[in-house]
Amino acid sequence: MPPANNNPNPEPFEIFFRGWLVRHEEVRQLLQQAAERDCDETREDEEARMQELIGRVVAHYAEYYKAKQRVVREDVMTLLEPPWLTPFERSLLWIAGFMPGFAFRLVTNCVKDLTGEQTRMMEQLRTETAAEEMDLTADLLKVQRSPTMISLVEMATRGREWADGERDAVKEQIEMVKLAMEMLVECADCLRYKTALKIMEILNPSQNVKFLLAITGLQLRVRNWGLQREAESRNDNSPH
């Protein structure tokens, strides 16, 4: 499971996220330097430096999941359309985050020196992850198609005041939906975190640097594409 959040006075997630992205770029640059560095030291010394950097990246993502876990408990519905992401970023979400199986595509594209045994282990993990993704997607559809969710949508579109006792019933139904979504997001985050760690257990330090560089770089590129699209949309809609 992603690490628990024990901070009694956390900052708002949107503020945390902006600072986290700054640190994210710093981490990406360190990974880039490690990937490009000419090895002037012994292999053991270089691997030790890589392991230290890998640990720093894992801690960086653990920090993100700690902060996100608080949002799950406070207002899980916000995570389904997070305002701190651009519309383009939101369009790529699967249960409030990236689809875990996408990590295997990054391994395939960026790590070209897998051994036969590593390839076998990676394929087995890919199959297991895909099965868990399917189960969670099915659970999400059950929540979305449940009578509770459907009745809430119908009530929201009626355009009239609730009858006596109806408001309490709606509140109870909303809490039921929120609880179901909390469990789904927590399970999805657990699968994301677990899948990345298991992939890293299969890879050696040098391969992990390539894998983590691909992940961090892609996340920033998607962010920049989203910001660029937002800027273009504002320019198109501005009066001339």
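**Exercise 1. Helix 5: span and faces**

Task: Compare the end-to-end distance of helix 5 with the span its 30 residues should give at 1.5 Å a residue. Then sort its residues by burial.

Solution.
Step 1. Helix 5 has 30 residues, so at 1.5 Å a residue it should span 44 Å.
Step 2. In this predicted model, the end C-alpha atoms of helix 5 are 43 Å apart, which agrees.
Step 3. List the buried positions. They are Gln118, Met122, Leu125, Thr129, Glu133, Leu136, Leu140 and Val143.
Step 4. Now take Thr127, which also sits in helix 5. Its relative accessible area is 53%. The cut-off for exposed is over 50%, so Thr127 is exposed.
Step 5. Find a partner along the chain. Gly101 is 26 residues from Thr127 in sequence, and their C-alpha atoms are 9.1 Å apart.

**Exercise 2. Helix 1: the same check**

Task: What distance does helix 1 reach from its first C-alpha to its last? Which of its residues are buried?

Solution.
Step 1. Count the residues: helix 1 has 24.
Step 2. At 1.5 Å a residue, 34 Å is expected. The model gives 34 Å from first to last C-alpha, close to that value.
Step 3. Read off the buried set of helix 1. It holds Phe13, Phe16, Phe17, Trp20, Leu21, His24, Val27, Leu31 and Ala34.

**Exercise 3. The whole chain**

Task: How many helices and strands does the chain have? What share of its residues counts as buried?

Solution.
Step 1. There are eight helices and zero strands.
Step 2. Along the sequence, the pattern reads α-α-α-α-α-α-α-α.
Step 3. The chain has 240 residues, and 39% of them count as buried.
Step 4. Turn to contacts with a separation of 6 or more. Residues 24 or more positions apart make up 80% of these.

**Exercise 4. The nonpolar core**

Task: Which elements give two or more residues to the largest nonpolar core, and which gives the most?

Solution.
Step 1. The largest nonpolar core has 57 residues. Phe13, Phe17, Leu31, Ile95, Ile199 and Phe211 have the most contacts inside it.
Step 2. Two or more residues come from each of helix 1, helix 2, helix 4, helix 5, helix 7 and helix 8.
Step 3. Helix 2 gives the most to this core, with 11 residues.
Step 4. Set this beside a general tendency. In soluble globular proteins, nonpolar side chains tend to be buried together.

**Exercise 5. Ile95 and Ala96 in a loop**

Task: Where is Ile95 placed, and is it buried or exposed? Treat Ala96 likewise.

Solution.
Step 1. Ile95 lies in the loop between helix 3 (87-91) and helix 4. Ala96 is found in the loop between helix 3 and helix 4.
Step 2. Check accessibility against the cut-off: buried means under 20%. Ile95 has 7%, so it is buried. Ala96 has 10%, so it is buried.
Step 3. Check the backbone. Phi of Ile95 is near 50°. Phi of Ala96 is about 70°. Most residues other than glycine have a negative phi.
Step 4. List what Ile95 touches, leaving out residues up to four places away in sequence. They are Leu136, Leu140, Leu184, Val185, Ala188 and Arg192.

**Exercise 6. The largest pocket**

Task: What is the volume of the largest pocket, and which helix gives the most to its lining?

Solution.
Step 1. The volume is about 940 Å³.
Step 2. Its lining has 36 residues; closest to the centre are Gly97, Phe98, Met99, Ile215 and Gln219.
Step 3. Elements giving two or more lining residues are helix 1 (13-36), helix 2 (43-75), helix 4 (102-110), helix 7 (166-202) and helix 8 (205-237).
Step 4. Helix 8 gives the most, with seven residues.
Step 5. By class, the lining divides into 30 nonpolar, two polar and four charged residues.

**Exercise 7. Two pairs far apart in sequence**

Task: How many Å separate the C-alpha atoms of Asp189 and Tyr65, and those of Ala67 and Pro12?

Solution.
Step 1. Asp189 lies in helix 7. It is buried, at 5% relative accessible area.
Step 2. Asp189 and Tyr65 are 124 residues apart along the chain, with C-alpha atoms separated by 7.8 Å.
Step 3. Ala67 lies in helix 2. It is buried, at 10%.
Step 4. Ala67 and Pro12 are 55 residues apart along the chain, and their C-alpha atoms are separated by 9.0 Å.

Note on methods:
Residues numbered from 1 in each chain as written. Heavy atoms only, no water. 1 Å grid on protein atoms, 1.4 Å probe; cavity = no way out; pocket = protein on both sides within 12 Å on 5 of 7 lines; lining within 4 Å. Points joined across faces, edges and corners; volume = space filled by probe spheres on them. Helix = DSSP H or I, 4+ residues; strand = E, 2+ residues; numbered from the N terminus. Nonpolar A, V, L, I, M, F, W, Y, C, P; charged D, E, K, R; others polar. Core = buried A, V, L, I, M, F, W, Y, C linked by side-chain atoms within 4.5 Å. Buried < 20%, exposed > 50% of the residue type's maximum accessible area, 1.4 Å probe, protein only. Contact = heavy atoms within 4.5 Å. Expected span 1.5 Å × (residues − 1).
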